[in-house]
Amino acid sequence: MDIFQIPLDVLVVDQENVKEIQCGICLQIVVTPRQCKNGHLYCFGCIEQSLKKIGECPQCRCSLSLDNLCRSLFLEKHLRNLNVFCKNHFKVEESLPLLGTLFNLTKNILPSWAVDLEGCTYIGSQETIENHQISCQHRFENCKFSVNNNNNNNNNNNNNNNNNNNNNNNNNNNNNNNNNNNNNNNNNNNNNNNNNNNNNNNNNNIDNDNLIKSIGSMMSSSLNNSVHGNCSGFGQFNNGSGDSSNSNSGSNSPQVRVNPKDLSSIKSNIVGNQNNDDEELLLMEGNSGEDQNNSFSSNGTKPIECGKIRFKDLDNHYLDCPFRPISCGFCKIEFAFHSIKEHENNCDFRLVECSQCKSKIPKKVLRSHLGEKCPNQIIPCTFGYCDKSFERKELNNHLNETMAQHMIMMKQQQQDEISLLKKEFSNHLQLKDEKIKGLEKLIKDKLSDPKIKIDWKIKNYLDCKRNGYHQSEKFIIEGFPFFIGIFTDGDNNESKGYISIYLFLDTSDIPKGRCINTEFSLKFNNQRDPSQSLNREYKATFPIRDGSGWGDRRSIKTHNLESNGYIKDNTLLITAEVTIKKIICCAQNNKRYGGLDIKFSENYNNNNSNNNNNNNNNNNNNNNNNNNNNNNNNNNNINEECQYPIIFCPFSYCGKTFERKEVYNHLNGSLRFHMRMWELENRSEIYSLKVNISSQVKIEDEKLKRLEELVKKNIESKLTFNWEVKNYLESKRNGYNKSENFYIEGFPFYFIFYTEQDKCNIKLKFNSKCEEIPKRKAIDLKISLMLNNQRDSSQSLNQIHEKSFSILSNSFWGDGYTIKTYDLESKGYIKDNKLTITAEFSIKKIIWFSE
Amino acid sequence: MTTIPRNFVLLEELESGEKSTGDGTISFGLENSEDILLSSWICTIIGPQHTPFDNRFYSLKLYCDKDYPTKPPTVRFTTKINMGCVNQQNGVVEPKNLPILTNWNSNYRIQNILSELRREMSSSPNKKLVQPPEGANF
Amino acid sequence: MASLPKRIIKETQRLITEPAPGISATPATDNFRYFKVAISGPLDSPFEGGIFNLELFLTDDYPMSAPKVRFLTKIYHPNIDKLGRICLDILKDKWSPALQIRTVLLSIQALLSAPNPDDPLANDVAEHWKTNEKEAMARAREWTRLYAEQPIEN
């Protein structure tokens, strides 16, 4: 049954005679009328049901069955022609307004219908009324704005952060309500949450003012409101049943409302329950309030709709519908009327007054206006070194006026920064240098200088004499290529008749910036009497100042050489021994290799010397501080009064002098010139810095590289050889066991383990039979030999020895006694018929021989 | 479905209890015949055969407050009984230990609770429990 | 709940807007089929001056079945038992769908005026009524004063 449909007995015009045509069971005007023999009227459906229970007329109890039910043609015709009002003649009222406020919306509802003075007055027969109702001017239509309300809210109210979610929630929660279009749930965003419940009770008011009024009155007298205000629950009937009521005009007074007098009469009738009812009333109001709270609890505001509007009133309604779209005066986006104020208050495009410059700015850009544009905003000078602040519009003036000052500031800052960086860098370099030196020293201390012996045999002396000059093949010491040169008749006029002999460094392909400090000897071997051999010793640093060779210009008279037994079979033997004492990175002193003779390097040197002193005095910090103080003093000199009134122009390329107070006048007088000077100064300074730094870095790199080589060669080349004698018994039977060959720097070695009756020993042998022996090398080794005790490693036997091996020298190491055979066999050295030997070698020296 | 008000539910129950439907193993009635609020009920369960409860008479008191049948009544044995769902101190049936009370539904009636309790007596955990001597009360 | 039959709506409206004298019936807020009823004791009866509370419930079957009615106020009456149940033919086999809440309540009111000890529900009261009507009516008056002149507490 559609509870929103107005019952026929309400619509009927002739209310006087309605009772005559009511069904005795459902108490409505009969549908398909039937009667008993006594004329008691029933709807066919009603009596059919009753007859199933008992075969008598419910009113007169005469016996009755489906068979003897009577039709009434007259009544049927009468019903068809029954005059009824158009349904738009009525509006829904609540016959129990007192209770109505209490009724739960979702549960039972008691509607009633009242004549609406503004309603339709058309009367027609039951048969024809429907045709009228379709086109009735008083029919209800949805307000087009309100219907779109949901969308509007979603689309337009995005700015109203508070409402977004709420709208969604509300739409869900209130689906029932919305579908029935009952509550004028004016979603008045301005209303606080507190008012929501009240709004809910007050469905007929659209106008905000009225709404607020009624809320107020509600608060002041809940009883009155209960009576006069339609509760939300009953409001639901309004639209479905075609009640008008939605307009807020005062003329639209409810008609079939129970007034308070009626109410009191009801109450007086319920004498016994009066107290209870009052209690209950309050209680229930509380409950209903709670219910509403629950249903809206998650929502800050609730949506209120216009609901249905009479067709004829629609145009008027649209003029002041709270949901009618209004363009925002600032952003031009359309918003529902009721939310426009709040929107405009928050609109990003609303013009606000800039607090600084008083101009009108869209709110959205206010911040960027202050940050970037406002001429009155106080900003710091855009020139980073200047600490002045002023209004933005003054910026250009400031910059123009203080150009000279800014230049000086910048120059000072630059100088400070540069000298700071220099200091940092040179400190850094020095630290590194010290480290490197320490390492070098460490390595030097551990290793004696490599001494290279070269035997140079000049096979055809006569041929050599004919040319006047002969030179040896190159030999390379520590990566430096050397050769020996001999001039048989001197190398200039002074030395005619003498043999000139030199050790040359081939500078064509050595790393630049490196010098080597050498000690060397040159010997002419006397082949008749070796004791008469001529040996001279020299010290020289290559490359030397005016050339790359060092030796004797007049070493021996040519004829002495030729006649005193030095030459035999047209052969001359010269022996050179060369020791490299030091490899020097010499960029500091040597202009040829870098041309880095510039201020910074001097500073660096100075610093070095300072720091050396400091190191000695442990005054490092103090000195630095002094330096800083000096710098500061220099800076301050420019700004502060000082006892010398005449100063140099701070741009050193300018070179002018003037009184201190003239400095800005001087600069302003020739700004361009000074800028240019400054640029040049900067450029050369930066260039020299670059060069200096790169050369320093290069030097460090060289040092590091050499160190690395040294370390690699001398310290890291520690080798380990593990030898497992797998079958001790077999080796005992044989008397010895031999390891495989292993190589140290190309030298082939092997171990031999000898087992005798009472003792065992281990020997390290240089495998002279091996074909791969390097011909020109000898090697000094430190050997650590470990005979492992496999039961208790602390009992392992360890021998350490140093020994030199070469193809020429004695080529084995071992002392003939390592361990007693008994001890070896019984004290845990042998396990599972196995015996292990671990040898560690570190290379002390590799010696080169010339051919 | 129409909700039947509490009092008319209980009146119906009283009538069905007075008619003593079923097999006679359970019975229930108002504790006080003038109890116009129909709150306090007195019930009897005869223990099922082949259980330690066999043929013993168990008396219970049942209290339906104003929220019945939306909420279950409180149930208390007056005859001493050893059962998983019965508090051994005071004989109260612990709702959390009796599924019909835990998962109460407003369509359940007193009769359902009693049947359920009797069924519970036949459950294997309760079958193993030693029972106090006959006639002892909480 | 789906809906309330129009007949019940109509009856409820009439009960409230045009209450029968001495009778009020108000539906419960959470159940429109459940009514709180108050009947004032008829004049010239032992129940005069009392307000008797009843509860009334319209089953799903109403109006094809009779409403269920019960006194909540204790009353000394041969046709009303200790639990307030009423022995009245129209509430049982004599129900007719043409009857209404109003007529039922009027019948109950009439029953108070005219107890019928020959069709008793409370046997002891009926016996009392038959054997010593005067004393029984005095008891009824006393109960009325005791129980019906104050709102009962429920």
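Modeller: Let me start with the rule behind the word "pair": two strands pair if DSSP finds at least two bridges between them. Please keep in mind that this is a predicted model.

Colleague: Happy to. What makes β3 and β4 of chain B a pair?

Modeller: The count of bridges. Strand β3(B), residues 57-63, and β4(B) share four bridges in the antiparallel sense. The rule asks for at least two, so the two strands qualify as a pair. Two of the bridge partners can be named: Y63(B) is matched with T74(B), and L60(B) with F77(B).

Colleague: And what holds such strands side by side in general?

Modeller: Strands in a sheet pair through hydrogen bonds of the backbone, in a parallel or an antiparallel way.

Colleague: Why are β1(B) and β4(B) called edge strands?

Modeller: The sheet is an open one of four strands, ordered β1-β2-β3-β4 in chain B and paired antiparallel. β1 (26-30) and β4 (74-77) of chain B each have a single partner strand, so one side of each has no neighbour in the sheet. From one strand to the next, the twist averages 25°.

Colleague: Which side chains of β4(B) are buried, and which are not?

Modeller: They alternate along the strand. V75(B) and F77(B) point to one face and are buried, while T74(B) and R76(B) point to the other and are not buried. The cut-off for "buried" is under 20% relative accessible area, so V75(B) and F77(B) fall below that value.

Colleague: What lies across the β1 end of that sheet?

Modeller: Helix α1(B), residues 6-18, lies across β1(B) and β2(B), the latter being residues 40-46. The helix runs at about 130° to β1(B).

Colleague: Now to C87(C). Where does its "active site" label come from?

Modeller: From UniProt, where an unreviewed entry places that feature at C87(C). Such an annotation may be inferred rather than shown by experiment, so I would treat it as a record only. In the model, C87(C) sits in the loop between β4 (68-71) and α2 (101-113) of chain C.

Colleague: How do you know whether to call C87(C) buried or exposed?

Modeller: Its relative accessibility is 14%. Buried means under 20%, so C87(C) counts as buried. Leaving out residues up to four places away in sequence, C87(C) touches N79(C), K92(C), L111(C), D119(C), P120(C) and L121(C).

Colleague: What is the fold around C87(C) made of?

Modeller: Chain C has four helices and four strands, in the sequence pattern α-β-β-β-β-α-α-α. Of its 154 residues, 60% count as buried.

Colleague: How much area do chain B and chain C bury between them?

Modeller: About 1600 Å², with 61% of that on carbon and sulfur atoms. In chain B, T2(B), F8(B) and I36(B) lose the most area to chain C, together 39% of what that side buries. The contact takes 19 residues from chain B and 17 residues from chain C.

Colleague: What makes E34(B) and K74(C) a salt bridge?

Modeller: Their closest N and O atoms are 2.9 Å apart. The cut-off is 4 Å, so this Glu and Lys meet it. The total between chain B and chain C is three salt bridges.

Colleague: And what can you tell me about chain A?

Modeller: Chain A has 28 helices and 36 strands. Of its 851 residues, 46% count as buried.

Note on methods: Residues are numbered from 1 along each chain as its sequence is written. Chains are lettered from A and ligands numbered from 1 in the order in which they are written. This is a predicted model: local features need pLDDT of at least 70, side-chain atom pairs count only at pLDDT 80 or more; totals for chains, interfaces and linings use all residues. Side-chain values use heavy atoms; hydrogens and water are left out. Buried means under 20% relative accessible area, exposed over 50%, partly exposed in between (1.4 Å probe, protein chains only). Contact means heavy atoms within 4.5 Å. Axes are lines fitted to C-alpha atoms, for helices over the stretch in contact, and angles run from 0 to 180 degrees between N-to-C directions. Buried area is the accessible area (1.4 Å probe) that two parts lose on being put together, summed over both. A salt bridge is a side-chain nitrogen of Lys or Arg within 4 Å of a carboxyl oxygen of Asp or Glu.
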